[in-house]
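Trainee: I would like to learn how to read ring contacts and unusual backbone angles in a model. Where do we begin?

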Amino acid sequence: MIDVLVCVRAEDAVLEFLSVLSREPRDEAVVLLADPALTVTLPSGTGTAGRLALLAPHVRPAEDPPRSRPGGHDVAARIRKAAAGREVLVWTHSPADNREARARLGRDTARAAHGLPVRHAVGYSPYLQVVSDEDVPLTPELVAIKREFVNLHCSALLSSDSPQYRVDTSRVPASERFFRSRPDEAVRLYALLASLGEDAAEVDDPWEFAASPYERARLDTTLAWIGRHCPAGTAPLVEVGACEGALTRRLLAAGHQVHATEPNDRFRRRLSTALAGVERLAVSAAGLKELADGAGPRGPHLLIEMLYYGQDPALIDRLPADLVLLALEPEALRTTLRPWLAASPHWEVAEETVLVAPRVEAVCGGRAYLTKRGSHGLLLRRTGPAAPTAASR
């Protein structure tokens, strides 16, 4: 059996897979680099120092722009070529790595392996604890070899400001951890870590609203909180960023009329398909800016766990609403909303409530766990002039 390592850059093979490169018996290993698209063959019988010497010339400064970004089909072809009909064990990055290029390659490799066994390095994932299948403490000698490689060949990366390519203590592990995954697990892990981007929509229910006790409690408590201030049968509710409709379903079941907005095409299609034909529901593609520009109806607006995407809170001033029910995790509330509210002449906090407390929870079928950070609800009541309607602008 030969080892095939699929890595973004040359230093990754040493920082994350030194235990693989140095183990005995030392058969041939092949390192497939993505940046640049380059194959480095490490012949059988070559010692650890010799293997690292073959990789060292390909370490580049972080400031060099990426030279290639192969997709899944390219990875599959390169793995087949490296295998050359031999039995193969594939090693690659974690699809939950916090560095986007590594995570994407880890996901693409799991898809491209087509039944070959794949091992992912746990890698750099400060917000998610991945449950490993194999932990390999390095000997003092191997730790020294890894440190020396960094000092000799990665010195520019030690002082880099790039969060993608910087090398620091946390990225030079003395114990290397690996886990297995199926392609569907890899895709779900990647979607979870890409939750603030378009790639989150690659899987159904990426935040596991249906399965998570924390999320179910948050949604049920949020529904009850909304109902206290906006009883069913009164004004229609504008739900901003409805995603696939986890809260929308609850609002409709409680008798509310809902205008659900979702800019992400895939999420919106799933929402519209699942709730097709419901008379008390309208669905649109409007985002917060479009609603502030008059793309939706007047009425209470629900901004539930959606102000994490860099929106300007000042857009809330222009919403056609005198009542906004807003929910965020406490840290985002402190850094994003409170400074704006403190300076706003248009809104007062009529109520603040804890909707759900933090909880450490398993995700992706128990492959990983993380801290769900809690949710606070703010009832905002307009005190300044009412927002103009689209017709009056």
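Mentor: This is a predicted model. We begin with the aromatic pairs, of which there are four by the rule used here.

Trainee: How is the geometry of the pair W91 and F178 described?

Mentor: Planes over 60 degrees apart count as edge-to-face. The planes of W91 and F178 are 75° apart, with 5.0 Å from centre to centre, and the pair is edge-to-face.

Trainee: Which parts does the pair of W91 and F178 tie together?

Mentor: W91 belongs to strand 4 (residues 88-92) and F178 to strand 8 (residues 175-180), so their pair ties together parts 87 residues apart in sequence. Both W91 and F178 are buried.

Trainee: And how are the rings of W207 and F267 arranged?

Mentor: Pairs that are neither stacked nor edge-to-face count as tilted. The planes of W207 and F267 meet at 40°, so this pair is tilted, and the ring centres are 5.7 Å apart. W207 is in the loop between helix 7 and helix 8, while F267 is in helix 10 (residues 265-274), so the pair ties together parts 60 residues apart in sequence.

Trainee: Is F267 buried or exposed?

Mentor: Buried means under 20% relative accessible area. F267 has 5% relative accessibility, so F267 counts as buried.

Trainee: Which residues do ring pairs link into a cluster?

Mentor: The cluster consists of F17, W91 and F178.

Trainee: Which charged residues sit over rings?

Mentor: For such a contact, the distance to read is the one to the ring centre. R107 lies over the face of Y190 at 4.4 Å from the ring centre. R171 has its charged end over the ring of Y124, 4.1 Å from the centre of that ring.

Trainee: Turning to the backbone, which residues does a cis peptide bond join?

Mentor: For this feature, read omega. The bond between D35 and P36 is cis, with omega about 0°. P36 lies in the loop that runs between strand 2 (29-34) and strand 3 (37-42).

Trainee: What is the phi of H114, and what is that of E208?

Mentor: Here the sign of phi is read together with the residue type. H114 is not a glycine, yet its phi is positive, about 50°. E208, also a residue other than glycine, has a positive phi near 55°.

Trainee: Where are H114 and E208 found, and is each buried or exposed?

Mentor: H114 is in the loop between helix 4 (100-112) and strand 5 (118-121). Its relative accessible area is 64%, so H114 is exposed. E208 is in the loop between helix 7 (183-193) and helix 8 (213-229). With a relative accessible area of 13%, E208 is buried.

How values were computed:
Residues are numbered from 1 along each chain as its sequence is written. This is a predicted model: local features need pLDDT of at least 70, side-chain atom pairs count only at pLDDT 80 or more; totals for chains, interfaces and linings use all residues. Side-chain values use heavy atoms; hydrogens and water are left out. Helices (H or I, at least four residues) and strands (E, at least two) are DSSP runs, numbered from the N terminus. Buried means under 20% relative accessible area, exposed over 50%, partly exposed in between (1.4 Å probe, protein chains only). Rings of Phe, Tyr and Trp (its six-membered ring) pair if their centres lie within 6.5 Å; planes under 30 degrees apart count as stacked, over 60 as edge-to-face and the rest as tilted. A charge sits over a ring if NZ of Lys or CZ of Arg is within 6 Å of the ring centre and within 35 degrees of the ring normal.
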